[in-house]
Each structure stands twice: as C-alpha cells, then as structure tokens.
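Biologist: I should like to learn how strands, their pairing and their burial are read from a model. Could we take one case together?

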Amino acid sequence: HTPTNANRGASYCREGSMAGIMSSFMGGTALLSSSTISDRHCFRSTGACPRPQRQLCQPRAALSRKGKEQTLQKLVPLLEKSSVIVGLRYKGLTVKQLQEFRAGLPEGSKLMVCKNTLVSVAAKQVSGWDGLTPIAKGDNAWFFMEEETISQAVKAYIDFEKKLKEALPREVRKEARPIDVSGGVIEGQDIDYLAFKSMEKMPSRQELMATIARLINGVPTKLARSIKAVPTKLAISIKALADADEDKSQRVGDVLPRQPPTEAAV
C-alpha cells in the first residue's frame, strides 16, 4: 500500500496479487508490475486498505449453542435431585472467594454460575421449579441442595457469610448481606433470605425417622401401662357394686363417683 495524499487525510492504494508483491520485493524495488496490479482503487482516511474480515460468526454461534446444550444437560438433573434451590448475589466477590465457598459445601450440594435464561428453560422442563423464573435476574450463583444436606448446606452458607462480614466495618456488619439471597424455592414454595437461613436447624430425613422411631418405641410402654391399670379399676368398681347390692337404698352414682378412688390411679 502506497499513500499518495497524506496532507489531505486520504490515502490512495492499489491491490496487487501476492505473487506480484513478492516478486517486487525480491527484485529490490517497491514498484509492482502492471500485470499484477488490479484495476480496483480504494480511498480511506486511515491511510490503509481494509483487511478482509474472517468469517467467524457461524462457528461461534455453533459453539454457543453447544455450550448452552451442555449446560442444560447439567441443570436438568440438578433440578430433579434438588429439594432446595436459591439464587445468591455474588457481585463483588472474587473467584477465589467463590472457590472457597464451593470447597466448604457438603456432598449433595452444588454452586453453579450460569445464565439466568438457561435456569428458566430448565425450570420449565422439571415440575415444581416455576418459582425460579421470577428471580432469574441479575447476577446469580445458583445454589442446589439435596434433601439430606439442606441443614449442612445452609450452615456452610452462614459460616461463609460470617467470614465475609468480618472484613467489613463493625457498624455495618449486622445489616450487611455480602452474599444476599435473591430468592429460592423449596418443594414448590418460595423462600427469602430469612427463611433460607432458618433452615439451618431443619432436621434431615434420617433425623426425622429416628425421632419417629423413638416415638413409636414409646407407644407400647404407655399402652401396656394403660392396659395394666384397667383390671385394677375394673376390680374396684365390681367390688363396690357388689357391696352396694346389699344396701338397696344406694344408687350406682353413689357407689361409683365421677372421680375414681386414689388406689385406681396408681
């Protein structure tokens, strides 16, 4: 390219074949033979001829579609296995801090950063997660929790939040939410920041089953005590009726008062 009118802010250039350009430089001159010069001329204010742009739109679009499909293939199983899903506002956190949070999560819970639109699409494919669509806005890191690890996962979140607050001034720590909850869903019900944190004390299925087992084991003992007490009450009542049979002036209500005798209560 040979600029010829730089004073006026324009350049004049001619396009030649690569063979002609190479032969010119090989011959030690900057002139191009007339056989290698095309008839096209271009004028540009930048003083350079435009370079042909690479056609990357189609490959990039294909890669984008493939990436979205792969993300959806991960999201759908996560929604199917999870009992609680919340969106966390991670703006202001570093990659290192998010990695630290992930490292402290129990097995059965997962933190995933992905496009909100993909979460909305996945929520439509799995029943019970329609409540995620309204909160799929802004910067969200999606927190997935299976049933057995809800309380442990929430505790990991609370511990991480406390650590983030320690770096803040004391006067703002109480009200600060360095990793706020944009919203969430548990078993089809919407939850907010406070409701999510309250699930730290939520018992797991194993703990519930253990509690129910203790209650069931206690039933036979109470039932046996009640059955054992029945003959004593019945014997006292029969004896009282037998004694009253000799005294015709007494009524059954007089013999069997509403309050049972003290011996029957033992």
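**Reading a sheet from its strands**

Modeller: We may begin with strand S3, bearing in mind that this is a predicted model. S3 spans residues 84-88 and is mostly covered, with five of its five residues buried.

Biologist: Which residues of S3 lie on one side, and which on the other?

Modeller: Val84, Val86 and Leu88 are on one side of S3, while Ile85 and Gly87 are on the other. Every one of these residues is buried, and both faces of the strand are thus covered.

Biologist: How does one read pairing, and to which strands is S3 joined?

Modeller: Two strands are taken as paired if DSSP finds at least two bridges between them. S3 is joined by five bridges to S5 (residues 141-145), in the antiparallel sense. Five bridges also join S3 to S6 (residues 181-186), again antiparallel. For individual residues, Ile85 has Phe144 as its bridge partner in S5, and Val86 has Gly184 in S6.

Biologist: Why is S6 described as largely enclosed?

Modeller: A residue is called buried when its relative accessible area is under 20%. Five of the six residues of S6 are buried, and therefore the strand is largely enclosed by the rest of the structure.

Biologist: What does S6 form with S7?

Modeller: The two strands form a hairpin with two residues between them. Glu187, in the turn, has a positive phi of about 50°. S7 covers residues 189-191 and pairs with S6 over three bridges, in the antiparallel sense. Ile186 has Gln189 as its bridge partner in S7, and Gly184 stands opposite Ile191.

Biologist: In what order do the strands form the sheet?

Modeller: The order is S4-S5-S3-S6-S7, an open sheet of five strands with antiparallel pairing. S4 (109-113) and S7 are the edge strands, each pairing on one side only. On average, neighbouring strands are turned by 20° against each other, direction ignored.

Biologist: Which helix lies across S3, S4 and S5?

Modeller: That is helix H3, residues 95-103, which runs at about 160° to S4.

Biologist: Let us close with a single residue in a helix. Is Ser120 buried or exposed?

Modeller: Ser120 belongs to helix H4, residues 116-125. Its relative accessibility is 13%, so Ser120 counts as buried. When neighbours within four places in sequence are set aside, Ser120 is in contact with Thr133 and Ala136.

Key. Residues are numbered from 1 along each chain as its sequence is written. This is a predicted model: local features need pLDDT of at least 70, side-chain atom pairs count only at pLDDT 80 or more; totals for chains, interfaces and linings use all residues. Side-chain values use heavy atoms; hydrogens and water are left out. Helices (H or I, at least four residues) and strands (E, at least two) are DSSP runs, numbered from the N terminus. Buried means under 20% relative accessible area, exposed over 50%, partly exposed in between (1.4 Å probe, protein chains only). Contact means heavy atoms within 4.5 Å. Axes are lines fitted to C-alpha atoms, for helices over the stretch in contact, and angles run from 0 to 180 degrees between N-to-C directions.
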